[in-house]
Amino acid sequence: MSLPHAILTALLEKPSSGLELTRRFDRSIGYFWSATHQQIYRELGKLEEAGLIRALSSAQPARGRRKEYEVLPAGRAELTDWVGRSEDPKPVRDALLLRLRAAAVVGTEGLEAELDRHLDWHRGQLAEYEDIEKRHFPPERDAPGDRIRHVVLRGGIELERFWIGWLTQALAEVGEPPPAPRPR
């Protein structure tokens, strides 16, 4: 149920057309809640039908015009209610962790290259997040909303640091010869 809330959040930050929203989504919320452009457009229709958002009127002719959406009071109320709801943490479900566990049984052939690939990806994500932090969160940017957005970004930075450390450790273990079997 989080995609509609992600869209409501983005539209409250700035009313947007579907195209603008998908572009903004790719550069911000999409880092931690991904959705395809088709999912976003489909959800915009559902939110409009539910009376949570509306398309703003435009002076341009309807054909070829981009609809710009804004959040209605009912949408703001839904988002406010959702923020305050309780939700159980979700257990980790990661294919790489499962593959590493399977490697303990069947061997690690090919796994080192995959771990290296993941490590490179997480290093790239960390660099991107740190660049965003440098550009968008200077020390003087201290409004309450900015501080909360910065905390979200810091969470992403810390997760990337975790994955880099963990993958480095996993690579060290995978690269070592297996221990000799114990005599029975």
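In this predicted model, the buried residues of α1 are Ser-2, Leu-3, Pro-4, His-5, Ala-6, Ile-7, Leu-8, Ala-10 and Leu-11. That makes helix α1 a mostly covered element, with 9 of its 12 residues buried. The cover over these buried residues comes from several pieces, including the strands β1 (16-17), β2 (53-55) and β3 (68-71). Helices contribute to the cover too, among them α2 (18-27), α3 (37-49) and α4 (73-84). As for geometry, α1 takes in residues 2-13, and at 1.5 Å a residue those 12 residues should span 16 Å. The C-alpha atoms at the two ends of α1 turn out to be 17 Å apart, which agrees with the expected span.

Ser-2 gives a closer look at this helix. Ser-2 sits in α1, and its relative accessibility of 15% falls under the 20% cut-off, so Ser-2 counts as buried. Leaving aside residues up to four places away in sequence, Ser-2 touches two tryptophans, Trp-33 and Trp-82.

Trp-33 turns up again at the surface. Together with Phe-32, Ile-148 and Val-152, Trp-33 makes a nonpolar surface patch of about 420 Å². Val-152 belongs to helix α7, which runs over residues 144-175. With a relative accessible area of 40%, Val-152 is partly exposed.

On the domain level, the protein chain splits into domain 1 (3-84) and domain 2 (95-175). The centres of domain 1 and domain 2, taken over C-alpha atoms, lie 29 Å from each other.

Now for the charged side chains. Searching the whole structure turns up 16 salt bridges. One of the pairs is Arg-99 with Glu-114, whose side chains meet at 3.3 Å, N to O. This pair ties together distant parts of the chain, 15 residues apart: Arg-99 lies in helix α5 (residues 95-106), while Glu-114 lies in helix α6 (residues 111-136). The two partners also differ in how they are covered, since Arg-99 counts as partly exposed at 42% relative accessibility, whereas Glu-114 counts as buried at 14%.

Glu-114 has another partner in Arg-117, with the closest N and O atoms of that salt bridge 2.8 Å apart. Here the two residues share helix α6, and because they are 3 residues apart, about one helical turn separates Arg-117 from Glu-114. Glu-114 therefore pairs with an arginine in its own helix, as well as with Arg-99 from helix α5.

A further salt bridge joins Arg-147 to Asp-142, where the closest N and O atoms are 3.8 Å apart. Both ends of this bridge are partly exposed: Arg-147 has a relative accessible area of 43%, and Asp-142 has a relative accessibility of 46%.

Finally, some of the charged residues go beyond simple pairs. Glu-13, Arg-24, Arg-141, Asp-146 and Arg-149 are linked in a network of salt bridges. One member of the network, Glu-13, falls within the residue range 2-13 of helix α1, and Arg-24 falls within α2 (18-27). Asp-146 and Arg-149, also in the network, fall within the range 144-175 of helix α7.

Methods: Residues numbered from 1 in each chain as written. Predicted model: local features only at pLDDT ≥ 70, side-chain atom pairs only at ≥ 80, totals over all residues. Heavy atoms only, no water. Helix = DSSP H or I, 4+ residues; strand = E, 2+ residues; numbered from the N terminus. Expected span 1.5 Å × (residues − 1). Buried < 20%, exposed > 50% of the residue type's maximum accessible area, 1.4 Å probe, protein only. Contact = heavy atoms within 4.5 Å. Domains from an automatic or database assignment. Patch = residues over 30% accessible without salt bridge, like charges linked within 9 Å, V, L, I, M, F, W, Y side chains within 5 Å. Areas by Shrake-Rupley, 256 points an atom, 1.4 Å probe, with all protein chains shown as cover. Salt bridge = Lys/Arg side-chain N within 4 Å of Asp/Glu carboxyl O.
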